[in-house]
Amino acid sequence: MYNNVTIFDHPLIQHKLSILRDKRTSSKDFRALVSEIATLMCYEATRDLPLEEIEIETPICKMTGKHISGKKLAVVPILRAGLGMVDGITNLVPSSRIGHIGLYRDEETLKPVEYYCKLPKDIGERDVFVVDPMLATGGSAIDAVSQIKLRGPRTIRFLCIIAAPEGIEAFTKAHPDVHVYCAALDERLNERGYIVPGLGDAGDRIFGTK
Ligand code: PRP
Ligand code: URA
């Protein structure tokens with residue numbers, strides 16, 4: 001379909017996603033599941049990070065091992081909901097730097113409004129994972145990635161949990177060079193710009209604000 005979009009069909013991800021979608025799932029469980037899914041997605045999405053050889057010494061002898069080359073990741077959550085995915089990634093890659101981009105969707109126009117942007121100084125030397133559980137119209141992710149591109153990172157990947165076809169279409173057109181990873185590609189957006197069937201408002205469910 002799209003050669004720069006990967007949908008993870010791993011049974012653990014799909015199982016956790018079904019619980020996440022369920023409207024009876026509490027905020028506490030919702031937060032834990034978002035984090036666990038982010039860890040599983042990070043494991044898959046880091047599969048092609050470049051390695052280099054290093055000399056190490058085991059208790060038995062010297063050998064040549066491998067480690068990830070250069071500086072590690074920068075993780076950039078789109079506030080608020082993207083915050084829920086950060087721990088899940090830094091658990092696997094503890095030396096990641098973390099940036100923040102604050103965007104909210106205007107409820108009338110559905111256009112993103114930026115209110116905060118703070119990125120790691122050395123982001124130009126890092127691979128960047130932009131994270132947000134939801135890709136709906138794509139406006140927020142498109143804007144966030146455009147901001148990050150101004151700082152010239154090595155590569156950018158976008159990780160979301162649920163994507164709408166409209167968001168994938170718009171995002172891949174705006175940023176064909178950025179690989180998108182998601183756990184599900186849903187049916188459509190409704191008239192209020194919510195993903196159907198989706199999981200509702202990710203920020204409100206993570207932070208218990210509704
Ligand atoms: C949600 C979500 C995305 C955005 C997706 O955030 O977390 O950032 O909507 O929609 P889009 O693809 O149409 O731009 P929201 O604006 O509700 O802000 P919040 O995370 O602060 O609740
Ligand atoms: N943002 C959300 O949190 N959920 C949606 O379904 C769409 C945008």
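A disulfide is taken here as a pair of cysteine sulfur atoms within 2.5 Å. By this rule the structure, which is a predicted model, holds zero disulfides. The cysteines examined show why. The cysteine sulfur closest to that of Cys42 belongs to Cys160 and lies 15 Å away, too far for a bond. Cys160 also supplies the closest cysteine sulfur for Cys117, at a distance of 20 Å, which again is too far for a bond. With regard to solvent, Cys42 is buried, at 1% relative accessibility, whereas Cys117 is partly exposed, at 34%.

The two ligands were examined next. Ligand 1 is surrounded by 15 residues, of which the closest are Arg105, Asp132, Thr137, Gly138 and Ser140. Side chains of this group make polar contacts with oxygen atoms of the ligand. An N or O atom in the side chain of Asp132 is 2.4 Å from an oxygen atom of ligand 1. For the side chain of Ser140, the corresponding distance to an oxygen atom of ligand 1 is 2.6 Å, and for the side chain of Arg105 it is 2.7 Å. On its own, ligand 1 has 500 Å² of accessible area, and the protein covers 91% of this.

The surroundings of ligand 2 consist of Arg105, Met134, Ala136, Gly193, Tyr194, Ile195, Gly200, Asp201 and Ala202. Arg105 is thus found beside ligand 2 and is also listed among the closest residues to ligand 1. Polar backbone atoms provide contacts to ligand 2. An oxygen atom of the ligand is 2.8 Å from such an atom of Ile195, and an oxygen atom is likewise 2.8 Å from a polar backbone atom of Ala202. A nitrogen atom of ligand 2 lies 2.8 Å from a polar backbone atom of Gly200. Of the 240 Å² of accessible area that ligand 2 has on its own, 88% is covered by the protein.

Gly193, one of the residues around ligand 2, is located in the loop between β14 (188-189) and β15 (195-196). The residue is buried, with a relative accessibility of 3%. Gly193 and Arg105 are 88 residues apart along the chain, and their C-alpha atoms are separated by 9.7 Å. A pair with an equal spacing in sequence is given by Gly102 and Asn190, also 88 residues apart, whose C-alpha atoms are separated by 24 Å. Gly102 is part of strand β6 (residues 100-105) and is buried, at 0% relative accessibility.

Charged side chains were then considered. The model contains ten salt bridges. One of them joins Lys16 and Glu36, with the closest N and O atoms 2.8 Å apart. Lys16 belongs to helix α1 (residues 11-21) and Glu36 to helix α2 (residues 27-45), so this salt bridge ties together parts that are 20 residues apart in sequence. Glu36 is partly exposed, with a relative accessible area of 34%.

A salt bridge is also formed between the side chains of Asp127 and Arg154, with an N to O distance of 2.9 Å. This pair links distant parts of the chain, 27 residues apart: Asp127 is in strand β8 (residues 127-131), and Arg154 is in the loop between α4 (139-149) and β10 (155-159). The partners differ in their burial. Asp127 is buried, with a relative accessibility of 5%, while Arg154 is partly exposed, with 38%.

The side chains of Asp204 and Lys210 meet in a further salt bridge, at 3.6 Å from N to O. Asp204 is buried, at 12% relative accessibility, and Lys210 is exposed, at 81%. Arg80, Asp204 and Lys210 are joined into one network by salt bridges that share partners.

On the surface, a nonpolar patch is made up of Tyr104, Tyr115 and Tyr116, which together have about 340 Å² of accessible area. Within this patch, Tyr116 is placed in strand β7 (residues 112-118). Tyr116 has a relative accessible area of 40% and is therefore partly exposed.

Note on methods
Residues are numbered from 1 along each chain as its sequence is written. Chains are lettered from A and ligands numbered from 1 in the order in which they are written. This is a predicted model: local features need pLDDT of at least 70, side-chain atom pairs count only at pLDDT 80 or more; totals for chains, interfaces and linings use all residues. Side-chain values use heavy atoms; hydrogens and water are left out. Patches are made of residues with over 30% relative accessible area and no salt bridge: like charges are joined within 9 Å, nonpolar side chains (Val, Leu, Ile, Met, Phe, Trp, Tyr) within 5 Å. Accessible areas come from the Shrake-Rupley method with a 1.4 Å probe; for residues, only the protein chains shown count as cover. A salt bridge is a side-chain nitrogen of Lys or Arg within 4 Å of a carboxyl oxygen of Asp or Glu. Helices (H or I, at least four residues) and strands (E, at least two) are DSSP runs, numbered from the N terminus. Buried means under 20% relative accessible area, exposed over 50%, partly exposed in between (1.4 Å probe, protein chains only). A residue is near a molecule or strand if one of its heavy atoms lies within 4 Å of it. A polar contact is a pair of N or O atoms within 3.5 Å; within protein, one must be able to donate a hydrogen and the other to accept it, and residues adjacent in sequence count only if both atoms are side-chain atoms.
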